[in-house]
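User: I'm new to this one. Could you walk me through a few of its sheets and helices?

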Amino acid sequence: MDQINGYVFDIQRYSIHDGPGIRSTVFLKGCPLTCVWCSNPESQKQVPQLLYLKHLCSRCHKCVDICPNKAIRVLPEGDLEVDRDLCVGCGFCVDICPAEARQVSGKLMSVEEVIDIVKRDALFYKNSDGGVTFSGGEATAQPEFLLALLRECKKLGFHTTLDTCGFVKWDILEPVLEYVDLVLFDVKQTNPKKHQQYTGVSNKLIFENAKRILSQNIPVILRAVLIPGCNDSDEDIRALAEFALELGGPEINLMLYHKLGIKKYESLGMKYKLENAEPFADEKIEHIKEQILSYGLNVKV
Amino acid sequence: MKTSALRKVDEIESYQIAEKPVLTERVERLKEDFINTGIKTSVERAKALYDVYLEAGGEPIVITRAKVLDKYLRNMTLYIDDNPIVGSLAKYPRGVNPFPDYNEAANKLFSSFGDMDVDPKEKELLKQVDVYFRGKKQVDIVNKIFHELTGLDRQEYINHGVWIDIVGVCLGLINLDYGKVMNIGLSGVIKEAEEGLSRLDVTYHEDFKKRDFYIAVIITLKAVIAWAKRYASLAEEMAKNEKNAEKKSYLEKIANTCRWVPENPARTLYEAVQSFWFVHAAAWIEQAQGAIAPGRFTKYTYQFYKNDIESGRITDEEVIELFELLCIKFSEIGIQYSTEVYATGAQQHTAQTFLIGGLNEYGEDATNELDFLWLEAEKRVRMVQPSTVCAWHNKMSEKFLLKCADTIKMGLGKPAFINSHTAVKRNLDRWNCTEAEANAFTIIGCSQSAVAHSMDNVWGGLLNYAKILQLTLNNGKDPKSGKQLGLQTGDIDSFKTYEDLESALSKQFRHFTKLLRTVSRVSENVHAVYFPTPYSSALVDDCLKTGKHVLDGGAKYGGDADCLAGAVDVSNSLAAVKKVVFDDKKITISELYKALKDNFVGHEETQRLLLAAPKYGNEDDYVDQIVRKSYDEFYDEESMHKSFLGKDDGRPWGVVVAGHSWFGMHVGAQPNGRAAGNALTDGSISATPGTDRKGPTALIHSASKAMDNTKYSGNIFNMKFHPTAVSTEDDQKKLLSLVKTFMDLGGYHIQFNIVSSKLLREAQLNPDQYRNLVVRVAGFSAFFVQLDKKLQEEIIARTEQCFA
């Protein structure tokens with residue numbers, strides 16, 4: 001097994017909405033995009049990050065003394081504040097916290113450690129035609145680690161799925177695809193300008209990659225991330241459907257906006273930029289679905 | 001739509017998904033009545049009991065017991081309501097019969113339905129009967145003999161929460177041969193008894209004893225027939241005065257049916273159901289707090305359904321309604337609890353275990369149309385009883401499994417799944433029965449497999465392992481009362497190594513297991529000698545052949561059994577001591593002792609260390625192996641003791657009923673970090689709430705090796721899922737793959753509770769109990785209790801949507 005390490009922020013077992021069957025989803029840390037709606041902000045940076053869940057904190061201040069970098073400050077009312085410049089995500093404060101109010105997201109793991117976990121559920125994969133999904137962050141942002149993990153999974157005979165934002169150089173993506181049975185390809189915005197505005201990068205490379213992947217006959221499901229006011233107008237949906245048709249009409253899964261990740265921003269000391277958005281009403285979802293269906297495309301929510 | 005063509009299971013499509021369960025107007029009304037009707041004690045059975053005992057003189061007890069049933073069935077006040085299936089245990093709907101002959105509960109008035117209401121005049125009579133039976137009650141006789149044998153006071157152990165036993169309650173869990181009555185009528189069974197009687201040469205002692213049994217059987221069977229005919233007469237009477245033509249014909253149909261069954265063979269499905277109901281209800285009247293299982297109902301009624309469908313007499317919709325009505329009847333059965341069983345909070349748990357799916361005698365899939373229709377009825381009527389169990393096997397159709405998953409979605413925890421292959425193997429290993437008997441097994445109690453209508457499954461008692469650990473850490477003494485309940489196995493300071501603790505615990509464990517076995521065997525003997533059940537025995541193989549009642553060795557197969565509670569709590573505790581005290585040496589054993597004594601107050605850091613130690617349910621052998629060892633040890637000690645009949649078929653059951661909360665009240669702070677008084681872990685191989693943090697597949701890995709499922713007769717394993725995990729057919733298929741994997745790994749019983757908004761509210765109030773509760777909504781996954789209030793509210797709102 002390759003002696004490569006990588007940053008993982010979660011391994012979710014009995015994952016049932018990330019590809020066929022029962023799966024384990026390995027979430028790799030680090031992402032080249034900074035989508036304003038991101039519901040996993042802890043996945044963006046590649047290094048371990050401390051999450052401070054203020055509402056659970058009992059203000060015992062045990063963490064203040066144990067922190068080797070003096071990164072925790074006591075505010076006048078007894079509340080705590082993490083100095084993000086000093087915190088290195090070492091996790092000493094996590095171990096000492098009696099209220100489970102502190103967590104470190106991101107762990108440096110070896111290929112062997114990850115494989116040890118995912119192979120435990122081999123029988124579940126077999127019985128359900130499931131397998132292993134690599135997600136993120138952006139899984140391809142740690143290409144060597146990803147490649148090593150995929151190779152091991154294929155050695156074990158597991159079905160592999162790659163969940164990707166598509167923003168990756170083709171010469172990095174191509175060797176990875178050799179070990180991938182299904183790609184869940186995120187589509188966020190067809191308009192390059194708006195894409196740049198909401199995600200921080202252009203969609204040019206992303207769309208080129210989508211076409212290349214499909215031309216290689218690898219099964220693809222498009223995951224359309226729908227965000228109110230960002231990409232949900234009739235015009236946006238029309239463009240999405242036309243893009244899908246251009247690709248040969250792969251199945252589209254709608255990933256609907258939700259606000260469940262907002263608290264994470266606070267606990268990471270980050271700012272949430274989409275304060276005013278509200279989840280879609282059922283009628284709106286139906287409307288979007290019908291619009292896509294009218295193009296003869298297969299769509300699931 | 002009437003159809004004459006018989007459909008195969010594969011062709012049943014229409015009942016696959018019924019989004020909004022539609023109940024007929026009368027089922028809706030009956031269900032409403034059930035919910036709104038108060039629970040009342042009926043004193044009529046106690047009166048019949050008292051009268052018969054006063055007149056009994058010196059006659060054999062089996063005859064007296066038969067006469068009690070006879071007198072009650074011939075005199076009880078009857079009623080007929082809008083449920084065309086007639087027959088009830090008492091004169092009130094949801095009426096409960098006290099059993100002053102068995103236990104002290106007649107004075108306490110609690111039942112499986114909750115606290116009971118009793119008429120003041122009737123209460124006086126009840127007191128009188130209660131006084132008459134003092135010293136003669138089953139519980140009194142057992143206490144006396146146990147004291148004679150051991151010098152110990154049984155009640156003391158119960159008061160301290162060391163065990164709950166079945167003294168004063170049912171003799172066991174039985175499954176009767178309902179199919180036989182449908183096919184040959186009770187008249188046919190009477191004929192068998194008469195033939196048995198005629199075969200005897202009563203000048204020989206053995207045969208002379210059998211004579212009384214056969215006579216008693218005939219008395220009771222005739223009583224049940226007479227009881228049914230009284231309903232027929234009542235219906236006729238009511239019909240005479242009825243002006244409404246529809247109601248008149250409804251009553252006439254009841255009259256005609258009850259005049260015919262259960263005396264004669266059933267001719268239609270409706271008659272078969274009515275026959276079943278009389279037979280079933282009478283068994284609940286004969287003995288205190290039974291756990292009488294309908295078992296393979298959809299198999300032994302199938303031929304009647306088939307005939308009805310072929311001749312166009314019934315439609316599937318009508319069958320569904322009939323089944324809904326039967327579910328209401330099952331739920332109306334209430335039992336009176338002894339004080340301690342009541343205190344366990346086993347509300348509505350009457351263990352009327354109902355098997356669907358399963359195998360036929362050749363080992364082929366036994367699923368038929370009625371299994372589908374039954375699930376559809378359950379989905380629509382949503383009653384707590386019966387306890388429906390799908391006997392899963394690897395030849396089961398996906399269509400039927402999806403129907404099960406679709407019913408689970410309703411959130412009633414039904415059906416549970418058990419592994420047929422394990423059940424068959426267990427039957428063959430344990431009882432050496434025929435292959436046909438092993439294949440066509442049934443389910444009784446909570447999840448235990450059994451040979452259909454051939455067994456005397458006697459439930460012994462439920463041992464509280466957590467209490468035993470507490471006593472071990474206190475040199476056998478209860479720290480609260482100061483009573484020396486256990487052996488003196490050394491002060492806690494004398495445990496220099498983990499093995500020292502383990503060996504002391506083992507001594508205590510085996511000591512109490514042996515004591516409980518003694519109680520159980522004494523109790524079973526008292527049941528057998530003082531409280532024979534000729535009626536139920538007549539419908540259990542081979543009692544009529546051998547001329548012996550069930551507990552006299554008449555049952556073809558059997559075996560008494562005790563159950564172990566707290567194995568997971570104790571194993572987590574042992575792992576914590578091993579890790580924190582002996583391996584990591586973070587605290588001394590004296591510090592541990594002090595922390596437990598102070599219930600962790602002022603020892604929060606110690607509690608945190610103990611909570612952080614390995615816990616069962618996370619695929620960690622450090623602790624999982626201790627769970628296995630605990631169950632193996634209990635099995636080993638139990639199997640060293642023969643059954644009360646001197647047979648080597650006594651084996652423990654891995655079920656906990658609902659003892660975990662009551663037991664928890666009697667156990668102080670534990671080394672697993674649990675504070676004093678909190679409930680123990682539910683189920684027998686479920687993880688302690690809040691401690692399985694690695695997801696469902698890891699928990700399944702731990703659970704599938706927690707006990708030897710061929711040795712144990714059953715286990716209870718509960719898992720919780722958010723409704724989004726079963727909302728679509730695709731999700732349901734994944735859940736079914738999870739079930740299959742659990743079974744492939746050697747698991748036996750698994751049950752799914754679907755998280756409701758109510759449960760999430762509960763989690764908000766008691767976060768410690770729900771630390772493991774993961775909610776996954778729209779790609780978002782989090783431990784619920786770690787979310788802030790606003791977010792929790794949002795999740796609750798989304799959960800409600802799933803049930804809307």
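User: What is the order of the three strands in the open sheet with E5, and how is the pairing described?
Analyst: Quick note first: this is a predicted model, where local features need pLDDT of at least 70, side-chain atom pairs count only at pLDDT 80 or more, and totals for chains, interfaces and linings use all residues. Residues are numbered from 1 along each chain as its sequence is written, chains are lettered from A and ligands numbered from 1 in the order in which they are written, and side-chain values use heavy atoms, leaving out hydrogens and water. Helices (H or I, at least four residues) and strands (E, at least two) are DSSP runs numbered from the N terminus, and two strands pair if DSSP finds at least two bridges between them. In chain B the pairing is mixed, and the order is E5-E13-E14.

User: Which strands stand at the edges there, and why is one side of each left without a neighbour?
Analyst: Each edge strand has a single partner strand, so one side has no neighbour in the sheet. The two are E5 (163-165) and E14 (560-565) of chain B.

User: What is the bridge partner of Ile164(B) in E13(B)?
Analyst: E5(B) pairs with E13 (residues 458-464) of chain B in the antiparallel sense, over three bridges. In E13(B), the partner of Ile164(B) is Leu462(B).

User: What angle does helix H26 of chain B make with E14(B)?
Analyst: H26 (residues 621-639) of chain B packs on this sheet, touching E13 and E14 of chain B; contact means heavy atoms within 4.5 Å. Angles run from 0 to 180 degrees between N-to-C directions, and axes are lines fitted to C-alpha atoms, for helices over the stretch in contact. With the direction of E14(B), that of H26 makes about 155°.

User: How do H16 and H29 of chain B pack, parallel or perpendicular?
Analyst: H16 (residues 398-408) and H29 (residues 729-744) of chain B have axes 9 Å apart and an angle of about 105°. Angles under 35 degrees count as roughly parallel, over 145 as roughly antiparallel, 65 to 115 as roughly perpendicular and the rest as oblique. That makes H16(B) and H29(B) roughly perpendicular.

User: Is Ala797(B) buried, exposed or partly exposed?
Analyst: Ala797(B) is in helix H31 (residues 789-803) of chain B. Buried means under 20% relative accessible area, exposed over 50%, and partly exposed in between (1.4 Å probe, protein chains only). Ala797(B) has 38%, so it's partly exposed.
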